[in-house]
Amino acid sequence: MRRERGFTLLELSLAVALIGLLATLILPRLDVLSGAQLDNTTRRIAQRVRYLREDAARRDLWVRMVFDAQANALRMEEGVSTEEGWTFVPGEGPLYRDLTIPDSLDLRLVGPGVRPTASGLSSLLFASDGFADPGTFEVSDDSGRTVLVLIEPARTRPRIVDPPA
């Protein structure tokens with residue numbers, strides 16, 4: 001009895017699984033997915049801004065979002081009254097966890113509403129009535145693509161703008 005030449009279904013399945021595993025390990029190292037990382041980061045920043053504004057208005061407190069360029073992270077703080085006056089302290093809960101920016105991305109915080117902290121870091125304030133000073137997060141990747149997160153005083157939701165190249 002003569003056997004046909006070819007591959008069995010098991011051999012083909014193993015080959016496809018191996019190719020999938022190798023692609024999973026290699027593609028992130030090639031920065032093929034950096035565009036997705038840029039989009040994901042800008043969405044995370046926009047969501048955090050939206051929820052912080054809502055939380056500030058709901059809880060009747062001032063909230064500050066601080067950009068620490070050395071740590072490449074955004075830090076969220078609550079305003080509290082002390083004997084010396086107002087000060088900002090790290091907030092509690094998941095909304096106030098630091099938001100780390102991937103090392104492959106660059107972040108800048110610019111705009112007329114950006115204020116320096118006592119330590120010289122850039123920050124945005126969200127008032128207890130939900131108002132926010134205008135500011136823009138500029139997030140860019142190694143390919144030169146930049147996506148903006150616009151914070152406008154009259155809009156509760158920040159806008160994500162992906163300018164054409």
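Contact is taken here to mean heavy atoms within 4.5 Å. The model is predicted, so that local features were required to have pLDDT of at least 70 and side-chain atom pairs pLDDT 80 or more, whereas totals for chains, interfaces and linings use all residues. Residues are numbered from 1 along each chain as its sequence is written, and side-chain values rest on heavy atoms, with hydrogens and water left out.

Helices (H or I, at least four residues) and strands (E, at least two) are DSSP runs numbered from the N terminus. By this assignment, L52 lies in helix α2, which spans residues 34-59. Burial was classified by relative accessible area (buried, under 20%; exposed, over 50%; partly exposed, in between; 1.4 Å probe, protein chains only). L52 is buried because its relative accessibility is 0%. Not counting residues up to four places away in sequence, L52 touches V63, M65, M76, L95, Y96 and F126. The C-alpha atoms of L52 and A127 are 9.9 Å apart in space, although 75 residues separate the two in sequence.

A nonpolar core is defined as a set of buried Ala, Val, Leu, Ile, Met, Phe, Trp, Tyr and Cys residues joined through side-chain atoms within 4.5 Å. The largest such core comprises 26 residues, of which I45, M65, L74, L107, F126 and F137 touch the most other members. At least two residues of this core come from each of α2, β1 (63-68), β2, β5 (106-110), β7 (122-126), β8 (135-140) and β9 (146-151). Helix α2 gives the most, with six residues. In soluble globular proteins, nonpolar side chains tend to be buried together. For M65, the contacts beyond four places in sequence are R48, V49, L52, L74, R75, M76, S122, S123, L124, F126 and F137.

At the surface, L18, L21, L22, L25 and I26 make a nonpolar patch of about 460 Å². Patches are made of residues with over 30% relative accessible area and no salt bridge, like charges being joined within 9 Å and nonpolar side chains (Val, Leu, Ile, Met, Phe, Trp, Tyr) within 5 Å; accessible areas come from the Shrake-Rupley method with a 1.4 Å probe, and for residues only the protein chains shown count as cover. One of the patch residues, I26, is found in helix α1 (residues 9-26). I26 counts as partly exposed because its relative accessibility is 44%.

Salt bridges were assigned where a side-chain nitrogen of Lys or Arg is within 4 Å of a carboxyl oxygen of Asp or Glu. By this rule the count is twelve. In one of these, the closest N and O atoms of R145 and D39 are 2.6 Å apart. This pair links distant parts of the chain, with R145 in the loop between β8 and β9 and D39 in helix α2, 106 residues apart. Both partners are partly exposed, R145 with a relative accessible area of 25% and D39 with 26%. Within helix α2, the side chains of R50 and E54 form a salt bridge at 3.3 Å, N to O. Because R50 and E54 are four residues apart in the helix, about one helical turn separates them. R50 is partly exposed at 22% relative accessibility, as is E54 at 38%.

A further salt bridge joins E77 and R64, the closest N and O atoms being 2.6 Å apart. E77 lies in strand β2 and R64 in strand β1, so this pair ties together parts that are 13 residues apart in sequence. Both E77 and R64 are buried. In addition, D55, R58, R59 and E78 are joined into one network by salt bridges that share partners.

E78 is located in strand β2 (residues 73-82) and counts as buried at 13% relative accessibility. Its side chain makes a polar contact with that of R59 at 3.1 Å. A polar contact is a pair of N or O atoms within 3.5 Å; within protein, one must be able to donate a hydrogen and the other to accept it, and residues adjacent in sequence count only if both atoms are side-chain atoms. Beyond four places in sequence, the contacts of E78 include R59, L61, W62, T87 and Y96.

Backbone geometry was also examined. Most residues other than glycine have a negative phi. D60, in the loop between α2 and β1, has a positive phi near 55 degrees and is exposed at 59% relative accessibility. N72 likewise has a positive phi of about 55 degrees without being a glycine. N72 is found in the loop between β1 and β2 and counts as buried, with a relative accessibility of 13%.
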